[in-house]
Amino acid sequence: MALALMVLAGGLAYWKLGAGLRTVDVNGLLGDRPSHRDGDGSVNILLMGSDTRGDGNGAYAGGADDGARSDTTVLLHVAAGRKRATAVSIPRDTVVDRPRCRTAEGRTVPGSAHEPFNYAFAYGGPACTVATVEHVTGLPVDHFAVLEFRGMAALTDAVGGVEVDVPDGIAPGYGVDLEPGKRRLDGRQAVAFLRLRHVGKDQSDLRRIERQQEFFSGFARAARSSAVLTRPDRLTELMDATGRAVVTDEELGSPSALVALAWKLRGLDPDRIRYLTPELEPDPDNPRAWVRFADSASGLWRSLR
């Protein structure tokens, strides 16, 4: 439901503003790929968060603009009937086999037999991440969206904030007025919360994923209860803030496609979105920093297929 609200808001405001989203032609870059077109009616949407500091994103996170990575990657599998969904988080340090791919500029990126999943985005952007997810899971990626810091902040503000449980022990410099306990976060606070990794003695990316999943669940509920779809001024403000901070596949890069997808997802209940992380185990080559999918992960991909 949250995604439906987001894309519908984007589509309607797109018409009003006469502005286009940035797109990447993944089909043209990657060639023959698995497809759902003749499948069971389900749809897979790959959501990626970019940590680029360019184009105003540095205001939400310090550091130089030294490229872009995607520390947040979620594969949203919406079942046929659009009544339930499964959101699978893919940890950035999971070692995978990455196939050869091409960037949005057409540059070929050689494949690798053993490297962290996050390298796909760093080396080749969304197209290479899509190729890697399809190679690892065997699932077709029907659509994708990349969201930058300022886009996430704008979406959070558009739904009136998101309620989460802020943990104790946040390392200095990581919080933006994040006091422990139940809090409704505004956009700037939401970006800080989603980036949190150094919390007490636990610096695990897996704990960060748990907090991100909590946020996504809260966002879905906030989006459903907000008036963002009935306020033209808020729709315009949302698209103006996010239009330059979002990249999608070409099929979603038009008003009609965004509204069509939103219409398909209108019945998706936030309480019927299941959030999962595949079972993992330490990578033998670098057990202190990297993990790999356990054998049981293949069962997850098979069940979604």
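Two aromatic rings count as a pair here if their centres lie within 6.5 Å, with planes under 30 degrees apart called stacked and over 60 called edge-to-face. Keep that in mind for a first stop in this predicted model: Phe215, Phe216 and Phe219, which form one aromatic cluster.

The structure holds four aromatic pairs. In one of them, Phe215 meets Phe216 edge-to-face, with 6.3 Å from centre to centre and 75 degrees between the planes. Phe215 also pairs with Phe219, and that contact is stacked, at 6.4 Å centre to centre and 25 degrees between the planes. So Phe215 has one partner on each side of the cut-offs: 75 degrees for Phe216 and 25 degrees for Phe219, against limits of over 60 for edge-to-face and under 30 for stacked. Why do Phe215 and Phe219 sit about one helical turn apart? They are four residues apart in helix 6, which covers residues 205–225. Phe215 and Phe219 are both buried, and for Phe215 the relative accessible area is 0%.

Stay on helix 6 for a salt bridge. Arg208 bonds to Asp205 in this way, and their closest N and O atoms are 2.8 Å apart. These two are three residues apart in helix 6, so about one helical turn separates them. How accessible is Arg208? Its relative accessible area is 6%, so Arg208 is buried. Asp205 is buried as well, with a relative accessible area of 6%.

That is one of the nine salt bridges that the structure holds. Another one links Arg98 and Glu115, where the closest N and O atoms are 2.4 Å apart. Arg98 belongs to strand 5 (residues 95–98) and Glu115 to strand 8 (residues 112–116), so this bridge ties together parts that are 17 residues apart in sequence. Are Arg98 and Glu115 buried or exposed? Both are buried.

Now for a bridge with some accessible area. Arg292 and Glu281 meet through their side chains at 2.7 Å, N to O. Since Arg292 lies in strand 15 (residues 291–293) and Glu281 in strand 14 (residues 280–282), the pair ties together parts that are eleven residues apart in sequence. Arg292 counts as partly exposed at 35% relative accessibility, and Glu281 is partly exposed too, with a relative accessible area of 28%. Salt bridges can also share partners: Arg22, Glu148 and Arg150 are joined into one network that way.

Next, the surface charges that take no part in such bridges. A patch residue needs over 30% relative accessible area and no salt bridge. On the positive side, Lys83, Arg84, Arg272 and Arg274 form a surface patch. Where is Arg272 found? Look in the loop between helix 8 (255–264) and strand 13 (273–276). With a relative accessible area of 46%, Arg272 is partly exposed, and that value is over the 30% a patch residue needs.

There is a negative counterpart, in which Asp157, Asp177, Glu179 and Asp186 gather on the surface. Asp186 has its place in the loop between strand 11 (181–185) and helix 5 (187–195). Is Asp186 buried or partly exposed? At 35% relative accessibility, Asp186 counts as partly exposed.

Two more loop residues are worth a click. Arg82 lies in the loop between strand 3 (72–78) and strand 4 (85–89). If you check backbone torsions, you'll find its phi near 60 degrees, a positive value in a residue other than glycine. Arg82 counts as buried, at 16% relative accessibility, where the cut-off for buried is under 20%.

The other one is Leu21, in the loop between helix 1 (2–17) and strand 1 (22–24). Leu21 is buried, with a relative accessible area of 15%. What separates the C-alpha atoms of Leu21 and Glu250? Along the chain the two residues are 229 residues apart, yet in space their C-alpha atoms are separated by 9.2 Å.

Technical notes:
Residues numbered from 1 in each chain as written. Predicted model: local features only at pLDDT ≥ 70, side-chain atom pairs only at ≥ 80, totals over all residues. Heavy atoms only, no water. Patch = residues over 30% accessible without salt bridge, like charges linked within 9 Å, V, L, I, M, F, W, Y side chains within 5 Å. Areas by Shrake-Rupley, 256 points an atom, 1.4 Å probe, with all protein chains shown as cover. Salt bridge = Lys/Arg side-chain N within 4 Å of Asp/Glu carboxyl O. Lys, Arg positive; Asp, Glu negative; His and termini not counted. Charge placed at Lys NZ, Arg CZ, Asp CG, Glu CD. Buried < 20%, exposed > 50% of the residue type's maximum accessible area, 1.4 Å probe, protein only. Phe/Tyr/Trp six-rings, centres within 6.5 Å; stacked < 30°, edge-to-face > 60°.
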